[in-house]
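Me: I am new to this structure and would like to learn how to read it, one feature after another. Could you walk me through it?

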Amino acid sequence: MNTEHQRLLIVDFGSQVTQLIARRLREVDVYCEIHPFNAVDDAFLDRFAPRAVILSGGPASVLDADAPLPPMKVYELGVPVLGICYGQQAMMHQLGGTVEKGHHREFGRAFVTPTAAHTSDRIFRGLFDSGKEEVWMSHGDRVTELAPGFTVIGTSRHAPNAIVTDEERNFFAVQFHPEVHHTPNGRKILQNFVRLAGFTGDWTMAAYKDEAIARIRAQVGDGKVICGLSGGVDSSVAAVLLHEAIGEQLTCVFVDHGLMRAGEAQEVVTLFRDHYNIPLIHADEADLFLGELRGITDPEQKRKTIGRLFIDVFQKHSDAIGGAAFLAQGTLYPDVIESVSFSGGPSVTIKSHHNVGGLPEKMGLKLVEPLRELFKDEVRELGRELGLDARFIGRHPFPGPGLAIRCPGEVTPEKLEILRRADAVFIDQIREHDLYDEIWQAFVALLPVRTVGVMGDARTYDYACALRAVTSVDGMTADYYPFSHEFLGETATRIINEVEGINRVTYDITSKPPGTIEWE
């Protein structure tokens, strides 16, 4: 729990977009944390001492016998509270209003218009300039009777209590989702809320860097640390931050699992040994990883196998350097949110991350995760604060399990070599067309099917591949990049001509959600 900043608490009721609330607040320099409703009790509230509270959306109904609800103390703290969707219903239900089922369900775009009671310029300052606000609805139940003290100031066709406020207690509630980009002025609502709560915007990356260095030194003392270095932005920023904090107490272990892109292993080794002068062990473990992955086709089993082997390799090299007491990782906040239901919270686990979930007891190492509170774009900002090369900071994300999760089905050396070559062509095309910095992440997935083709006068029976390129702000949601047909045609021609083993190229136009960015 961060105690250095003014803190806002987000109580999570299981919405898949709860993390977007946090992102919007971080964008305006407000520090916040997401905690599940069943981890937030009176004692927690006393420790956390939030300056404001937001109650998230969620899939449940407050009318269910075991409905998730926040402790009543949330409303007794004397701080502003904002309820969003399910959070609005929970607030009304607990404070004496009425929520009913059986009304018209409302999903998607809607328009909220102000009522005659709309006189406040506080949380809704700058809204309704055109007489209505476009919002994003996603609810079945709705509030039919307000709790005492509340007034309706905004209504929509199917949500007569779309916006309600209790100005005296600084309680605000909306039936829609201001955190999603489909609510164009949603960020303004959140900005107004934190402004009236007295936040001064003290969450800056320069301050975070200094605090993180101090925390690392306090945690590590004079102990030795090994850092799992993948070569991606996250682990690299973590390594440079650690080196600035503890110097020669750090040894990086680069696990070359044979699942890297073309030339990447040597690039990483050269960068850290020669440029940053950070002690580095190059652990060439390709045979181990590829051997253990042989025959595995299930994506979760792949991730878990790779995670287990990472731990085994770290264990071996921590023993070799002697006396290591800590293992450092580049775990990010989205990794934690997406991997686990927070402390048994209500969110659905999407997929496992190899670097989340703690360490087996046999390692005897304590975990250091200096980026665990950060989103990806915040990590890049921290990298700039640390003086990392801009080209390196701007690299597209690369998953810890590497090409294994871009190769659906069994992973083999033959398929990996085809995938590396195709991926290199795709990225070269993107750079040639000066599109790299417009794209959040781009890669090729080698599909586990063969297709019939014709090259010259001969029949071919080779693999199909899928190109994937997305735009995103934080990796939590994403949309496909709108390449021109000319670009796609040119890229497909190059891949088929230059990469033996592929005779068909497709482009993945799935957004996140419903898909994920990676294929597995």
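**Reading the model step by step**

Reply: Let us start with a pair of residues: Arg-406 is buried, and Glu-518 is buried too. Buried means under 20% relative accessible area, exposed means over 50%, and partly exposed is in between (1.4 Å probe, protein chains only). This is a predicted model, in which local features need pLDDT of at least 70 and side-chain atom pairs count only at pLDDT 80 or more, while totals for chains, interfaces and linings use all residues. Residues are numbered from 1 along each chain as its sequence is written, and side-chain values use heavy atoms, with hydrogens and water left out.

Me: What do the side chains of Arg-406 and Glu-518 form where they meet?

Reply: The general idea is that side chains of opposite charge can pair when their charged atoms come close. Here, Arg-406 and Glu-518 meet in a salt bridge, 2.8 Å from N to O. This pair links distant parts of the chain, 112 residues apart: Arg-406 is in the loop between α12 (390-393) and α13 (413-432), and Glu-518 is in the segment after β20 (502-507). A salt bridge is a side-chain nitrogen of Lys or Arg within 4 Å of a carboxyl oxygen of Asp or Glu. Helices (H or I, at least four residues) and strands (E, at least two) are DSSP runs, numbered from the N terminus.

Me: How many salt bridges does this rule give?

Reply: The count is 23 salt bridges. Arg-23 is a good residue to follow, as it has a salt bridge with Glu-27, with the closest N and O atoms 3.9 Å apart. Both residues lie in helix α1 (residues 18-27), four residues apart, about one turn of the helix. Arg-23 is buried at 2% relative accessible area, whereas Glu-27 is partly exposed at 26%.

Me: Which other side chain meets Arg-23 in a salt bridge?

Reply: Asp-377 does, at 2.6 Å from N to O. That pair links distant parts of the chain, with Arg-23 in helix α1 and Asp-377 in helix α11 (residues 376-385), 354 residues apart. Asp-377 has a relative accessible area of 23%, so it counts as partly exposed.

Me: How do I read a strand, using β4 as the case?

Reply: In a regular strand the side chains alternate between the two faces of the sheet. In β4 (residues 81-84), Val-81 and Gly-83 point one way, Leu-82 and Ile-84 point the other way, and all are buried. Strands pair if DSSP finds at least two bridges between them. Strand β3 (residues 52-55) runs parallel to β4 and is joined to it by three bridges, with Leu-55 opposite Gly-83. β4 also pairs with strand β11 (residues 171-174) in the parallel sense, over four bridges, and there Gly-83 stands opposite Ala-173.

Me: Is helix α3 mostly covered or mostly open?

Reply: Helix α3 (residues 86-95) is mostly covered, with nine of its 10 residues buried. Among them are Tyr-86, Met-91, Met-92 and Leu-95. Gly-96 follows α3 and has a positive phi, near 110°.

Me: Which backbone angles should I look at twice?

Reply: Most residues other than glycine have a negative phi, and most peptide bonds are trans. Asn-170 is not a glycine, yet its phi is positive, near 60°. Asn-170 lies in the loop between β10 (163-166) and β11, and at 18% relative accessibility it counts as buried. Asp-434 also has a positive phi, about 60°. Asp-434 sits in the loop between α13 and β17 (441-455), and at 64% relative accessibility it counts as exposed.

Me: Where are there cis peptide bonds?

Reply: The bond from Lys-512 to Pro-513 is cis, with omega near -15°. The bond from Pro-513 to Pro-514 is cis as well, with omega near 15°. Pro-513 lies in the segment after β20, and Pro-514 is found in that segment too.

Me: What separation do the C-alpha atoms of Tyr-480 and Val-470 have?

Reply: They are separated by 4.2 Å, while the two residues are 10 residues apart along the chain. Tyr-480 is in strand β19 (residues 479-480), and at 31% relative accessibility it counts as partly exposed.
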